[in-house]
Amino acid sequence: KETYDQINSDIEYATQNIGDARSLKAQVNSNVAWGMAARIYLEQGKWADAENAAQKARTGLALDPTGYTSNYDDLTSSEVIWGFPQTTDGGQSLYYGTQSSFFEQTGAGYDGFYMSEEFVDHFSATDVRNIFYEYDAPGTPDHYATNKFGSNSKDYQVTLLNGATVPLKEMDFNESQIMMRVG
């Protein structure tokens with residue numbers, strides 16, 4: 001109880017005292033503080049408080065379905081509330097700490113995640129998030145993959161379930177780390 005009392009006191013202070021201005025989306029401002037508050041209230045089962053905080057976190061921002069297929073990589077999307085930019089300048093990358101590294105379709109041991117048929121069935125053909133394709137034979141655990149993240153296979157085409165044939169997205173070692181989105 002004392003721990004949550006302190007957490008609640010701290011987040012209430014932050015949401016009331018932090019400003020809106022920031023020069024980079026890596027910096028915490030009131031949107032980020034309200035987003036953190038929403039997560040804290042969800043954890044405590046304070047549903048109305050969580051909803052109110054989430055709405056305040058979205059203030060001045062909007063959904064951006066066009067950024068979905070690029071995984072909002074460059075933080076410029078109106079949907080990104082908080083994220084950390086990354087560059088390979090200097091020879092460093094945090095790519096293997098991003099979501100994308102777990103979804104690579106490389107055949108080199110990093111192919112850790114696939115989509116279940118039950119999950120894929122929830123998306124209509126017109127849903128911007130429906131960028132799944134058949135990776136392996138039906139009935140296998142790795143039957144469906146997603147073209148959201150990337151591969152090291154250049155010039156490889158995949159046919160999405162909606163019938164479109166598109167280039168397989170390439171790995172991007174400059175991929176930003178998205179911490180909070182409007183969605």
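Is Phe 123 buried or exposed? I looked this up at the start, keeping in mind that the model is predicted, and found that Phe 123 has 15% relative accessibility and therefore counts as buried, the cut-off being under 20%.

**Entry: the phenylalanines**

I then turned to the aromatic rings, for which I noted a count of 4 aromatic pairs. In one of them, Phe 119 and Phe 123 meet edge-to-face, with 5.0 Å from centre to centre and 70° between the planes. I checked the exposure of Phe 119 as well, and recorded a relative accessible area of 39%, which makes Phe 119 partly exposed. Phe 119 also pairs with Phe 132, and because the ring planes stand at 80°, with the centres 5.9 Å apart, I entered this pair as edge-to-face too. This second pair links distant parts of the chain, since Phe 119 lies in helix α5 (residues 117-120) and Phe 132 in strand β2 (residues 132-134), 13 residues apart. Phe 132 has a relative accessibility of 3% and so counts as buried. I have written down Phe 119, Phe 123 and Phe 132 as one aromatic cluster.

**Entry: helix α1**

Next I compared the length of helix α1 (residues 2-17) with expectation: at 1.5 Å a residue its 16 residues should span 22 Å, and the C-alpha atoms at its ends are 22 Å apart, which agrees. Which residues of α1 are buried? I found Asn 8, Ile 11 and Thr 15. They cover an arc of only 70° around the axis, so I place them on the same side of α1. I set beside this the general point that an α-helix has 3.6 residues a turn, so that residues three or four places apart point the same way. On the face turned away from the buried side of α1, I listed the exposed residues Glu 2, Thr 3, Tyr 13 and Gln 16. The cover over the buried residues of α1 includes α2 (30-43).

**Entry: the nonpolar cores**

From α2 I picked out Ala 37, which touches Ile 11, Thr 15 and Ala 53 when residues up to four places away in sequence are not counted. The largest nonpolar core has 14 residues, and those that touch the most other members are Ala 37, Tyr 41, Ala 53 and Ile 81. I noted that α2, α3 (47-57) and β1 (80-84) are the elements that give two or more residues to this core, and that α2 gives the most, with 6 residues. A second core, separate from this one, holds 10 residues, among them Leu 75, Val 80, Tyr 133 and Leu 168.

Key:
Residues are numbered from 1 along each chain as its sequence is written. This is a predicted model: local features need pLDDT of at least 70, side-chain atom pairs count only at pLDDT 80 or more; totals for chains, interfaces and linings use all residues. Side-chain values use heavy atoms; hydrogens and water are left out. Helices (H or I, at least four residues) and strands (E, at least two) are DSSP runs, numbered from the N terminus. The expected span of a helix is 1.5 Å times one less than its number of residues. Buried means under 20% relative accessible area, exposed over 50%, partly exposed in between (1.4 Å probe, protein chains only). The arc is that of the directions from the helix axis to the C-beta atoms. Contact means heavy atoms within 4.5 Å. Rings of Phe, Tyr and Trp (its six-membered ring) pair if their centres lie within 6.5 Å; planes under 30 degrees apart count as stacked, over 60 as edge-to-face and the rest as tilted. A nonpolar core is a set of buried Ala, Val, Leu, Ile, Met, Phe, Trp, Tyr and Cys residues joined through side-chain atoms within 4.5 Å.
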